[in-house]
Amino acid sequence: MIPTLEWTPAGVNFLDQTKLPHTETYVLATDYKQVATVISDMIVRGAMAIGVSAAMGVAIGIDRSTATSIPELTAEVDIICKTLAETRPTAVNLFWGIAQVRELYNQLAAANTPIPEIKQQVVALANCLYDEDIANLRILGANGAALLPDEATVLTHCNAGALAACGYGSALGVIRAAIEAGKKIDVFADETRPFNQGTRLTAWELTKDNIPTTLICDNMAGYFMGQGRIQAVIVGADRIAANGDTANKIGTYSVSILAKEHGIPFYVAAPFNTIDPETAAGSLIPIEQRAAREVTHVNGVQVTPDGVNIENPAFDVTPAKYITAIITERGVLRAPFTESIAAMAHKA
Ligand code: MRU
């Protein structure tokens with residue numbers, strides 16, 4: 001399994017995803033500010049990995065605090081949570097991860113728990129969220145694998161794999177589970193400009209696992225669908241609104257329309273904590289705007305003329321009407337999503 005991030009006595013160790021596929025190096029974050037930088041610089045990325053990283057960020061902030069009283073520590077925890085919450089706006093898992101540790105801290109602080117005991121418990125929770133991510137995505141993978149035919153070529157966009165999580169993945173978890181179940185699956189991976197998560201990360205982790213993979217440029221998906229070469233699309237999600245509208249990596253929306261036009265099922269694979277009941281519809285999801293340099297430069301070389309205007313939205317929203325099903329660890333959700341999501345939330 002690919003170790004994306006790991007709590008160690010020295011700090012949180014992150015596989016540096018900006019250096020892949022050429023170099024496998026790790027960045028050690030020894031305080032919460034460094035964890036925040038690792039998230040905003042996309043050394044770690046992908047919704048589930050961001051969520052667990054944020055939880056570890058709050059935990060390391062509390063663990064390394066020198067506060068000697070609960071009020072002093074609470075004031076620090078406010079700053080820690082605010083700093084981490086300002087790193088990336090779209091993946092709701094970030095806020096979920098912060099909230100998990102914050103809620104435990106609040107309970108322990110309200111009970112006047114000794115500070116060493118608080119430290120031990122928040123670190124244990126962050127590690128528990130890491131383990132749960134892997135366990136949940138294995139279940140999600142099995143739920144999704146059942147939807148795939150015995151033989152299929154699956155198109156995926158961006159990286160919703162082990163690297164986007166704690167070691168198994170959502171969309172790529174479904175593919176892994178289908179192969180583990182004996183199905184003959186191969187993958188078409190979109191390159192995913194401008195950050196190239198498909199080229200650098202999905203192609204890397206799938207070939208490392210010997211899963212047959214073909215890398216295509218983003219603008220080739222329609223061609224291969226038209227040729228009958230793709231039987232299903234599976235993508236991950238950064239935030240799913242209460243009505244099923246789904247924010248995922250920029251370009252996902254276009255793929256969903258192409259899939260609809262060609263009668264190809266379009267699946268979203270995401271753990272239940274990616275669903276945001278507070279966001280009623282996709283139009284309300286905050287979309288991260290990233291630096292122009294990601295578009296103007298390739299491997300440090302400028303490929304655009306000086307002076308051209310650049311826009312770089314990192315995510316788009318796929319309306320629920322283009323989604324065949326949302327695959328979660330709790331089960332497979334189908335339209336009408338407002339009802340199926342609410343019903344599944346109540347089952348928890
Ligand atoms: O900008 P990134 O690389 O963090 O975006 C990642 C994606 O869009 C993934 O598809 C998404 O997080 C789902 S996988 C957890």
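The questions and answers below deal with the ligand site and some backbone features of a predicted model.

Residues are numbered from 1 along each chain as its sequence is written. Because the model is predicted, local features need pLDDT of at least 70 and side-chain atom pairs count only at pLDDT 80 or more, whereas totals for chains, interfaces and linings use all residues, and side-chain values use heavy atoms, with hydrogens and water left out.

Q: What makes a residue part of the group that surrounds the ligand, and how many residues are there?
A: A residue is near the ligand if one of its heavy atoms lies within 4 Å of it; 18 residues surround the ligand, and the closest are R45, R88, D238, N248 and K249.

Q: Why is the pairing of N248 with the ligand called a polar contact?
A: A polar contact is a pair of N or O atoms within 3.5 Å, and a polar side-chain atom of N248 lies 2.7 Å from an oxygen atom of the ligand, so the pair meets the cut-off. For R45, a polar side-chain atom lies 2.8 Å from a ligand oxygen atom, and for D238 the value is 2.8 Å, again to an oxygen atom of the ligand. The protein covers 100% of the 410 Å² of accessible area that the ligand has on its own, with areas taken from the Shrake-Rupley method with a 1.4 Å probe.

Q: How do you know that the ligand sits in a cavity?
A: The term requires that more than half of the atoms of a molecule lie within 2 Å of the grid points, a cavity being a set of points, on a 1 Å grid over the protein atoms alone, where a 1.4 Å probe fits but cannot get out; the ligand sits in the largest cavity.

Q: Which domains supply the shell around the ligand?
A: At least three residues come from each of domain 1 (5-138) and domain 2 (142-347), with bounds from an automatic or database domain assignment.

Q: What makes the bond from R193 to P194 notable, and where is P194?
A: The peptide bond from R193 to P194 is cis, with omega near 5°, and P194 lies in the loop between β5 (184-190) and α7 (197-208), where helices (H or I, at least four residues) and strands (E, at least two) are DSSP runs numbered from the N terminus. A cis peptide bond also joins A335 and P336, with omega about -5°.

Conventions. A polar contact is a pair of N or O atoms within 3.5 Å; within protein, one must be able to donate a hydrogen and the other to accept it, and residues adjacent in sequence count only if both atoms are side-chain atoms. On a 1 Å grid over the protein atoms alone, a cavity is a set of points where a 1.4 Å probe fits but cannot get out, and a pocket is an open set with protein on both sides within 12 Å along at least five of seven lines; lining residues have an atom within 4 Å of a point.
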